[in-house]
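This briefing goes through one protein model and its bound ligand, topic by topic. Please keep the sequence and the structure at hand while reading.

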Amino acid sequence: MDVIIQSAGAGRAAQAVADFIAQALTDKPNLVLGLATGSTMESVYEQLVRKHQKEGLDFSRCRTFNLDEYVGLPAEDPCSYHDFMRQRLFDKVNIDPRNTHLPDGMASDLDAECARYERLIAASGGIDLQVLGIGLNGHIGFNEPSSAFESRTRVQLLSQVTLDQNAPFFPKPKRVPRTAITMGVGTILEARRCLLLAIGPEKANIVAQAIEGPLTRMVTASALQLHSSCTFVLDGPAAAQLQKSGSYQHGIPGQSAGISLLSPMGTQLSSSASPRASLRSSPDTP
Ligand code: F6R
């Protein structure tokens with residue numbers, strides 16, 4: 001696992017993630033991209049939209065799979081993750097809507113829907129690059145504490161911490177749905193590359209547990225320690241409780257967009273220009 005601390009601010013950390021996604025997409029136009037929702041991702045998507053509008057970043061062959069969706073919310077519901085993705089990214093770039101995938105939280109047979117989602121990911125050749133946030137309880141996707149590291153896409157009961165964390169996104173008196181479909185920890189670990197962005201002081205404690213703590217199902221993000229090609233990108237406040245801060249890579253203020261990301265082979269990958277981001281190859285499906 002690589003850790004990059006970007007002390008120049010949350011915007012710069014998000015920019016580094018957006019730059020890396022853009023480079024990966026340029027290198028592999030039919031990239032299979034795993035996406036997350038939540039407030040952390042908003043500025044990443046803003047920057048990707050800007051790159052599309054100003055620099056012609058091309059999403060026309062990209063395929064996306066989101067981590068999760070609430071059970072019981074139609075895709076048209078403004079609180080659904082379908083709507084979040086349309087508003088923040090899909091409607092603003094040249095992605096083919098047929099290439100964008102989220103679990104269907106309205107499916108009559110939810111278990112069958114989870115199995116279908118897994119099959120769809122596999123049929124696309126697997127996820128090349130999975131972008132992640134982290135919940136206050138250490139969840140990735142909606143893999144709540146006690147989720148097995150081998151877990152697959154399934155229906156998950158949401159914890160009180162998550163219900164409270166996501167309540168501000170729901171207008172009162174509407175309540176956060178109590179269940180969601182989420183990719184499993186095992187599904188996420190199969191992505192060829194993982195990139196987790198955490199910003200803000202409220203994430204500092206759980207980020208330290210995920211990076212420096214023991215592997216535990218009680219902090220599902222700690223499973224990323226097992227991944228051979230995973231990078232945590234943190235702003236200064238989110239990194240504040242790391243004990244071994246000197247062991248990690250620090251972004252240089254003023255050059256923050258160009259922080260480097262290391263491949264599993266130790267090859268220097270740049271999120272700004274060259275050398276190019278390298279992703280292990282996946283089948284070249286249309
Ligand atoms: C959402 C998701 C979650 C969020 C996490 C952080 O698709 O997968 O794991 O990434 O809850 O949410 P924010 O960014 O709102 O703090």
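## Briefing on the predicted model

Ala 24 has its place in helix H1, which spans residues 10-27. The model that holds this helix is predicted, and its secondary structure comes to seven helices and 13 strands. The points below begin with the protein as a whole, turn to the ligand, and then take up single helices and residues.

**The protein as a whole**

- The protein has 286 residues, and buried residues make up 57% of them.
- Its accessible surface comes to about 11,800 Å², and carbon and sulfur atoms account for 53% of that area.
- When contacts between residues at least 6 apart in sequence are considered, 78% of them join residues that are at least 24 apart.

**The ligand and its surroundings**

- The ligand sits in the largest pocket of the protein, where 14 residues surround the ligand, the closest being Thr 37, Thr 40, Asp 68, His 139 and Lys 203.
- Two side chains each place a polar atom 2.7 Å from an oxygen atom of the ligand, one belonging to Thr 37 and the other to Lys 203.
- Ser 39 takes part through its backbone, with an N or O atom that lies 2.9 Å from an oxygen atom of the ligand.
- Taken alone, the ligand would expose 410 Å², and the protein buries 96% of that area.

**Helix H1 and the surroundings of Asp 128**

- Ala 24 of helix H1 counts as buried because its relative accessible area is 0%, and buried means under 20%.
- The C-alpha atom of Ala 24 is separated by 9.1 Å from that of Asp 128, although the two residues are 104 residues apart along the chain.
- Glu 190 lies in the loop between helix H6 (185-189) and strand E9, and its C-alpha atom is separated by 9.1 Å from that of Asp 128, which is 62 residues away along the chain.
- Glu 190 is exposed, with a relative accessible area of 53%, and, when residues up to four places away in sequence are not counted, Glu 190 touches Ile 127 and Arg 152.

**Helix H3**

- Helix H3 covers residues 81-88, and its buried residues are Tyr 81, His 82, Asp 83, Phe 84 and Met 85.
- The cover over these buried residues includes three strands, E2 (32-35), E3 (63-66) and E4 (68-70), together with helices H2 (39-55) and H5 (160-166).

**Helix H7 and Ala 210**

- In helix H7, which runs over residues 204-212, the buried residues are Ala 204, Ile 206, Val 207, Ala 208, Ala 210 and Ile 211.
- Among the elements that cover the buried residues of H7 are strand E1 (2-6), strand E9 (193-198) and strand E10 (230-235).
- Ala 210, which lies in helix H7, has a relative accessible area of 0% and is therefore buried.
- Leaving aside neighbours within four places in sequence, Ala 210 is in contact with Met 1, Ile 134, Val 219, Ala 221, Ser 222, Gln 225 and Phe 232.
- The C-alpha atoms of Ala 210 and Ala 223 are separated by 7.9 Å, and these residues are 13 residues apart along the chain.

**Strand E7 and the loop that precedes it**

- Gln 156 has its place in strand E7, residues 154-157, and is buried, with a relative accessible area of 12%.
- The side chain of Gln 156 makes a polar contact of 3.3 Å with the side chain of Ser 147.
- With residues up to four places away in sequence not counted, Gln 156 touches Phe 142, Asn 143, Glu 144, Ser 147, Arg 178, Thr 179, Ala 180 and Thr 182.
- Ser 146 lies in the loop between strand E6 (129-132) and E7, and with a relative accessible area of 40% Ser 146 is partly exposed.
- Ser 146 has a positive phi of about 90°, although it is not a glycine.
- Most residues other than glycine have a negative phi.

Definitions and conventions: Residues numbered from 1 in each chain as written. Predicted model: local features only at pLDDT ≥ 70, side-chain atom pairs only at ≥ 80, totals over all residues. Heavy atoms only, no water. Buried < 20%, exposed > 50% of the residue type's maximum accessible area, 1.4 Å probe, protein only. Helix = DSSP H or I, 4+ residues; strand = E, 2+ residues; numbered from the N terminus. Contact = heavy atoms within 4.5 Å. Near = heavy atom within 4 Å. Polar contact = N/O pair within 3.5 Å; in protein donor to acceptor, adjacent residues only side chain to side chain. Areas by Shrake-Rupley, 256 points an atom, 1.4 Å probe, with all protein chains shown as cover. 1 Å grid on protein atoms, 1.4 Å probe; cavity = no way out; pocket = protein on both sides within 12 Å on 5 of 7 lines; lining within 4 Å. Sits in = over half its atoms within 2 Å of the grid points.
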